[in-house]
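Q: I would like a close look at one part of a structure. Please start with the part itself, then work through what is built inside it.

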Amino acid sequence: MQTALELRGLTKRFGDKVAVDGIDLTVPQGSFYGLVGQNGAGKTTTLSMAVGLLRPDGGTAQIFGADVWTAPDTAKAIVGVLPDGLAMPERLTGREVLTYLGLLRGMAKDVVAQRAAELLEVLELDTAEKALVIEYSTGMRKKIGLATALLHAPRLLVLDEPFEAVDPVSAATIKTILRGFVAGGGSIVLSSHVMALVEQLCDHVAVVDAGTVVAAGPLDQVRGTNTLEDTFVGLVGGQDKGIKELSWLSK
Ligand SMILES: Nc1ncnc2c1ncn2[C@@H]1O[C@H](COP(=O)(O)OP(=O)(O)OP(=O)(O)O)[C@@H](O)[C@H]1O
C-alpha cells in the first residue's frame, strides 16, 4: 500500500507566531482523511504547504513519493486542490474557468469540454452557464472550485472546508462524488469543523491543535467509544469558556 500524502516536520512561522509546529501526517492510499481543529489551529496553513501553495520554513511534503517543492510538476499533476479563499479568474463563466484551467494543465480540448459539461451538470452549475464567477454565491464558488480540483482526475484530493456555505442538496451530491472517488481508488484529505460530517465520511482523522497533531489514525481508534465531538473537545479543551465569559447575556 502506497502513501498518498506524507508530511514530515512541516513548520511555518508568521513573524513570532508559530502557525504550524512540526506536523507529521501519513495519509494512506485509498483513505478518506479528515483534518479537524479549532479556528487558527493551523489546518489551512498545513494543507497549503502540503500541496505546494505555501513554502514551509521546515519539513517536507510528498504526494505519492513526489516532493511538492523539489518535484512540483510530478506532485501537482496528481493532486486536485480546493484551497481556502480560492482565487479564480472572476470575469469568466464557470465553463470558461474549467476550460481555461484544463487547457493550462495540458488536457485535450475535447476531454476538457466533456468533463466540464459533466461537472457543471452534476454540481448543478449548468443553470448558471452565463453567469461570471464574480456573480457566484459563496457556495457556488466552492462548487466550481471543487470542479477545478476534479477536472484532471487526480489521485489525491486536498480540500479545505469543501462543505462550507454549500446547501444540503449540493452537499449530498458532493458527498456522493467524493465517496465514489475513494471507492474508485482515490485518496482524500479534507479539513472541516463539522465533526458529524467527518464521522460520516472519513475513515481516518487527525486532530490539530496549536500547530501540532495531537491525535491521528483510523477514526474508530481516535474516538474510541466516544463521539468524535467529545473526543475533540476533550483533546483541545475549553468547554465552558463562552458561557462563563458571557454571563451578562442571560437575564
Ligand atoms: N498570512 C498569515 N499571516 C499571519 N498569520 C497567519 C497567516 N496565515 C495564518 N496565520 C495564523 O496562523 C495560525 C493558523 O492559521 P490557519 O488559517 O492555518 O488556521 P485554521 O486551522 O485553518 O483556522 P480556521 O479553522 O479558522 O480556518 C493562526 O493563528 C493565524 O492567525
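At which residues does UniProt place the feature "domain: ABC transporter"? Please take me through that stretch of the chain.

A: UniProt places this feature at residues 5-235, in an unreviewed entry. Keep in mind that the model shown here is predicted. Over residues 5-235 the chain is 38% helix and 27% strand. The end C-alpha atoms of that stretch are 24 Å apart.

Start with one sheet. Its 6 strands form an open sheet in the order 6-7-8-3-9-10. The pairing in this sheet is mixed. Strand 6 (79-82) and strand 10 (212-218) are the edge strands, and each pairs on one side only. Direction ignored, neighbouring strands of this sheet are turned by 15° against each other on average. As a general rule, strands of a sheet pair through backbone hydrogen bonds, either parallel or antiparallel.

Both kinds of pairing can be followed from strand 9. On one side is strand 3. Strand 3 (residues 32-37) and strand 9 (residues 204-209) run parallel, joined by 5 bridges. Find Leu 35 and look across: it stands opposite Ala 206 in strand 9. Now turn to strand 10. Strand 9 and strand 10 run antiparallel, and 6 bridges join them. Here Val 208 stands opposite Val 213 in strand 10. Strand 9 and strand 10 make a hairpin, with 2 residues between the strands. In that hairpin, Ala 210 takes a positive phi near 50°.

Next comes the other sheet. This one is open too: 4 strands in the order 2-1-4-5, with antiparallel pairing. Its edge strands are strand 2 and strand 5 (66-67), and each of them pairs on one side only. Strand 1 (residues 3-14) is joined to strand 4 (residues 58-63) by 5 bridges. Within this pair, Glu 6 stands opposite Gln 62 in strand 4.

Helix 1 links the picture. Helix 1 packs on this 4-stranded sheet, touching strand 1, strand 2 and strand 4. The direction of helix 1 makes about 120° with that of strand 1. Helix 1 (residues 43-50) also packs on the 6-stranded sheet. There it touches strand 3, strand 7 (156-160), strand 8 (187-191) and strand 9. Its direction makes about 150° with that of strand 7. Helix 5 (residues 138-150) is another helix to find. Helix 5 lies across strand 6 and strand 7, and runs at about 170° to strand 6.

Now the ligand. Phe 14, Lys 17, Ala 19 and Gly 37 are among the residues that surround it. So are Asn 39, Gly 40, Ala 41, Gly 42, Lys 43, Thr 44 and Thr 45. Helix 1 gives the most to this shell, with 3 residues. Strand 2 (17-28) and helix 1 each supply at least two residues. By class, the shell has 3 nonpolar, 6 polar and 2 charged residues.

Finally, step back to the whole chain. The domain assignment gives domain 1 (1-78 + 163-251) and domain 2 (87-153). The C-alpha centres of domain 1 and domain 2 lie 25 Å apart. Across the boundary, 8 residues of domain 1 are in contact with 8 residues of domain 2. By class, the side of domain 1 that touches domain 2 has 4 nonpolar, 2 polar and 2 charged residues.

Technical notes. Residues are numbered from 1 along each chain as its sequence is written. This is a predicted model: local features need pLDDT of at least 70, side-chain atom pairs count only at pLDDT 80 or more; totals for chains, interfaces and linings use all residues. Two strands pair if DSSP finds at least two bridges between them. Axes are lines fitted to C-alpha atoms, for helices over the stretch in contact, and angles run from 0 to 180 degrees between N-to-C directions. Two residues are in contact if their C-beta atoms, placed from the backbone, lie within 7 Å. A residue is near a molecule or strand if its C-beta atom, placed from the backbone, lies within 6 Å of it. Ala, Val, Leu, Ile, Met, Phe, Trp, Tyr, Cys and Pro count as nonpolar, Asp, Glu, Lys and Arg as charged, and the others, Gly among them, as polar. UniProt positions are given in the numbering used here, feature names are shortened, and annotations may be inferred rather than shown by experiment. Domain bounds come from an automatic or database domain assignment.
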